[in-house]
Amino acid sequence: MNAALQSETGPEGTAHVGRPEVRVTPSRFRNAIGKYIVRRSKECIACGKCAEICPYGVHEFAGKTMARPKDYRCIGAACENNDFYCVRQCPQNALSVRLNPILEVLGDKRWTPELLISTWYMAETGEVPPGDIEYKTGDSGGGFDRIEFCFPSGREPDAVPDDEVSLRIPLNRRKDGRPEVEIDMPVYGGGMSYGSISLSVMIARARAYQAWNSFTCTGEGGYPEELYPYDDHVITQVATGLFGVREDTIQRVRIVEFKYAQGAKPGLGGHLLGDKVTPAVAKMREAVPGNALFSPFPFHSVYSVEDHKKHVDWIKHINPRALVSVKVSTPTDVDMVAVGSYHAGANIIHLDGSYGGTGAAPDIAKKNIAMPIEYAIVKVHNFLKEEGIRDEMTLIVSGGIRTAYDVAKAIALGADGVVVGTSEMVAVECIRCAACESGRGCARGIATTDPELSKLIDEDWATQRLINLFAAWRRQLIEILRKLGMRDIRELVGRTDCLKHLDYE
Amino acid sequence: MPKKYSIPTKTSPPRFTPIGKSTILDWEGGCLRCFKCVKRQCIYDVYNERTFDVRQMTDTIDSLCKNCLRCVQSCPGQVITKVVNAEYKRMGNSYWTPDIIRMQWFQAETGRIPVSGAGYGGPFSGPGFDDMWTDMSEIVRPTRDGIHGREYINTVVDLGRSLRYLRFDAAGHVVRDAPEKIEIPIPIILKDLPLGSLSESVFLAMAEAAQAMDTFMIAPVKGWKPYIEPYKTHLIPLLTEAEIDTHGELIRGVRIIEIQLSDVTEARVSRIRAAYPDVLIMVRMRLGERSGEEALALTRVGADILHLCADRDGNVESGNGIRFVKDVVRSVHMRLVEAGCRNEITLFASGGIAMAEHVAKGIIVGADAVAVDIPLLLALECRLCFRCEAGLSCPVEVENIHPEWGKNRILNLIAAWRNQLIEVLGAMGIREIRRLRGEVGRAMFFDDLERETFGRLFGKRKKRESVGN
Ligand code: SF4
Ligand code: SF4
Ligand code: SF4
């Protein structure tokens, strides 16, 4: 077992025993990308001054000379006012620092280059990046990117220790005799199927979520044996194709997720391109290698809440200890859909908003169909309240949650917790080239089943990167709660009074 | 069940290396010539296939590279980097963005719909068509498996007038005061090009594509030469006032004619009707402040089709500023609905129709169908450099294309658009494009969603900064 998973004992007297350990886990590529570029000219005499003064670990000795600067750690512009600014301190004027021109070709409006870089930083160090990197919001011009917390001013954040702030959320609030499952942070992993991502990424996710006492989700595509050790932290998905769904896979787990729709391609069903259907994938899905696989839309057996209830009952019958989650997309009547799921007996309603990620989706669907999650959260939270059933449903949301701040905003808008996917991929160095579906799949070994490309990801490395990312998120969430004078993430649910929207007067 | 309509597609590579989004900077000087060159690791093999296109002075890497940055991140000497391709940024304008242009090129080449991974990377919403989302229905919908599935989703629209009521003559036959309707299998016709060159080969490419799809192509009659003869059933001549009287012979073979709106149009319509009782009359209206009233008047005098035109970026000048085509079409549609005559007439929208989604959105706000122009030029590899408008030579020699190639590129593009239309119709649970017209309930508008959700929480929305371009 990976040493990182052996929990440390927490501070004495606290309720929590064990938090996975953060261990510095640098990029697997030679040239990590940062906001700034630091160059050392040949004037350098290896006097070691810079290595001595820079607190960010940019400069190091390599034998008798200086190593190539770890420039992705440099805080650049923000350093100019420091005494230890290496550029000024270098006796030989051998150093230069400038903005990395590659920022211009990196990322997009939602995942700006700075969000990518900061997520990589957190995955490496478990810390929030220092300096002037924008790690809270992107540049989409709406929704989360225009919403901010209004922290009470003139008041110091509470001095409560980390471990007295609770980020735990219950997933079963129905009192229906099923287990009370709790997770230690308000985040779990979204469905990514065997076939869409490499097995090592799948396992790394399971291990990281186990370490944080949360869940990962298989997506639709079967339950590889390699996941058996993590059964208690796996959600298995039942979608229309029923690929890889067996009685056994339903019985293994504590949560079963019905996927009605996915936010990136609502109403379109699933499609795994033939290229990705390797013999191993085909076997798992009980299909033919090389043949494209469709999950039709919708469940052809569901045309009413009653039909839907039959499905839920079916799962509950096969696995009496499982909670049932229903994953839906965000049409105009998403509030009605949520209430329908409640009446069908679901424990969790999972809303997947329109800007979420997926291995491959038609661009027209990603951009246009269904509403962004920010609206859906508010609609559903309020409607469930009006119906008097908000306290019995766990409202989980996804589709565009990129940062710890997005997590907190989603909760303040009315969610209990969130599901993420893309952020995890970024943590293991997805660069958002959006070529996941082409040819052999992801050139970086993440969204691929190609045996050679998959080797690019080492399980331990990926596990630790994810553990680190969540450690950084946890810190930020605790900090947000402290500043708001709260001790429990559950106090934040629906607290829209703590938010302001920059486009409103 | 009727025979399934489909548009034939055939991969049609570009004649010129397309302009890529970014470009590789490769400082050869610093190269270590290391044995295991990272360039070999490119899984797309772009370094191996690298050539230098001397005619265009471009490195083919720019168009082949997928921006995975593995070479950049693995090079031992850090001698490779990527920067934005300035030429790419220069294409088009703020409405016809380089990304839109590139997307149409891809579709015209492959006939496939653009698919990508990693979620949506664009803005939350935007002006124009970007302030609406189409709906989906979670449970009830036509069953269908994938895009070319079992289910037949119908994209046929009818052109022409619907009779308000039936009248019979003494012998008991229905009397029509308008020609029979014409069905087209897709809600798209090809419109005369606002720029570029309508050379013989471009004309033939468009006309053949229109014929192959069984839709129409609009073309100003002044360009008509004998070679158009075989395509006449799929051409719509665009006539000026003067030409109506002088081009009688030409009108004989066509099924629809288009005339420009002028002060005398209303009188004209009945005269043309009398002279050519079997031809549908389409009136081209430049959208403006009075469009609703004009449309109503034209409906009442018996025009069969109204062609509502915005400028090429979808803008409409109105008394108090610029409005976007979708909003003006919506108000024209609503004016006709209020007057109880919307069903009598067919509405086309054009101007700013740049992507497949705009077809769906244009129909949702009230058009029956759309007319496209610039995307056709893009299919023919136009780079929207606007050199032609300045009287300069076209870098991709649009005027010299081979008609067969041009036809295939246009067919590919429209086939991809239609498939995307089917995707959104399927998601909405709609089987008939005709049912989508004016169905604003099947869309979500930015302003409404903001008001209903954030408006309740955060109060009053600040006025949005400049909408449009
Ligand atoms: S192909 Fe690109 S976008 Fe997709 S997972 Fe790999 S790095 Fe990320
Ligand atoms: S960035 Fe990726 S796709 Fe582009 S040349 Fe380098 S390795 Fe190849
Ligand atoms: S490429 Fe340039 S010159 Fe050629 S048709 Fe297009 S805009 Fe005109």
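Colleague: Is D131(B) buried or exposed, and how should its relative accessibility be read?

Modeller: Please note at the outset that this is a predicted model. Buried means under 20% relative accessible area. At 10% relative accessibility, D131(B) therefore counts as buried.

Colleague: Which side chain does D131(B) meet in a salt bridge?

Modeller: The general idea comes before the case. Side chains of opposite charge can pair when their charged atoms come close. Here, D131(B) meets the side chain of K326(B), at 2.9 Å from N to O. D131(B) lies in the loop between strand 5 (115–116) and strand 6 (132–134) of chain B, whereas K326(B) lies in helix 10 (residues 325–338) of chain B, so the pair ties together parts that are 195 residues apart in sequence. K326(B) is also buried, with a relative accessible area of 2%.

Colleague: How many salt bridges does the structure hold, and which pairs in chain A illustrate them?

Modeller: Over all chains, the structure holds 65 salt bridges. One of them joins the side chains of R39(A) and D71(A), at 3.6 Å from N to O. R39(A) belongs to strand 1 (residues 36–40) of chain A and D71(A) to the loop between strand 3 (65–66) and helix 2 (86–89) of chain A, so this pair ties together parts that are 32 residues apart in sequence. R39(A) is partly exposed, with a relative accessible area of 32%, while D71(A) is buried at 7%.

A further case is the salt bridge between E459(A) and R207(A), at 3.2 Å from N to O. E459(A) lies in helix 14 (residues 459–483) of chain A and R207(A) in helix 4 (residues 199–211) of chain A, so the pair ties together parts that are 252 residues apart in sequence. E459(A) is partly exposed at 29% relative accessibility, and R207(A) is buried at 7%.

Colleague: Which residues are linked in a network of salt bridges?

Modeller: Such a network here links R146(A) and D503(A) of chain A with E450(B) and R461(B) of chain B.

Colleague: How should the overall form of chain B be read, and how many helices and strands does chain B have?

Modeller: Chain B has 14 helices and 21 strands. Its radius of gyration is 25 Å, close to the 23 Å that the globule rule gives for 469 residues, so chain B is as compact as a globular protein of that length. Along the principal axes, the C-alpha atoms of chain B fill a box of roughly 95 × 65 × 50 Å. Of the 469 residues in chain B, 58% are buried.

Colleague: Which residues form a nonpolar patch on the surface?

Modeller: L166(B), F168(B) and V174(B) form such a patch, with about 300 Å² of accessible area together. L166(B) is found in the loop between strand 7 (157–159) and strand 8 (167–168) of chain B. Exposed means over 50% relative accessible area, and L166(B), at 53%, is therefore exposed.

Colleague: Which residues are around ligand 2, and how do the residues of that shell divide?

Modeller: A ligand shell may be read by residue identity and then by residue class. Around ligand 2 are I24(B), C42(B), Y44(B), V46(B), Y47(B), C65(B), K66(B), C68(B), L69(B) and C71(B). This shell divides into nine nonpolar residues, no polar residues and one charged residue.

Colleague: How many residues surround ligand 3, and which are the closest?

Modeller: Ligand 3 is surrounded by 13 residues, of which the closest are C382(B), R383(B), C385(B), C388(B) and C394(B). The shell around ligand 3 divides into 10 nonpolar, one polar and two charged residues.

Terms used
Residues numbered from 1 in each chain as written. Chains lettered and ligands numbered in written order. Predicted model: local features only at pLDDT ≥ 70, side-chain atom pairs only at ≥ 80, totals over all residues. Heavy atoms only, no water. Patch = residues over 30% accessible without salt bridge, like charges linked within 9 Å, V, L, I, M, F, W, Y side chains within 5 Å. Areas by Shrake-Rupley, 256 points an atom, 1.4 Å probe, with all protein chains shown as cover. Salt bridge = Lys/Arg side-chain N within 4 Å of Asp/Glu carboxyl O. Helix = DSSP H or I, 4+ residues; strand = E, 2+ residues; numbered from the N terminus. Buried < 20%, exposed > 50% of the residue type's maximum accessible area, 1.4 Å probe, protein only. Near = heavy atom within 4 Å. Nonpolar A, V, L, I, M, F, W, Y, C, P; charged D, E, K, R; others polar. Rg over C-alpha atoms; globule rule 2.2 N^0.38 Å.
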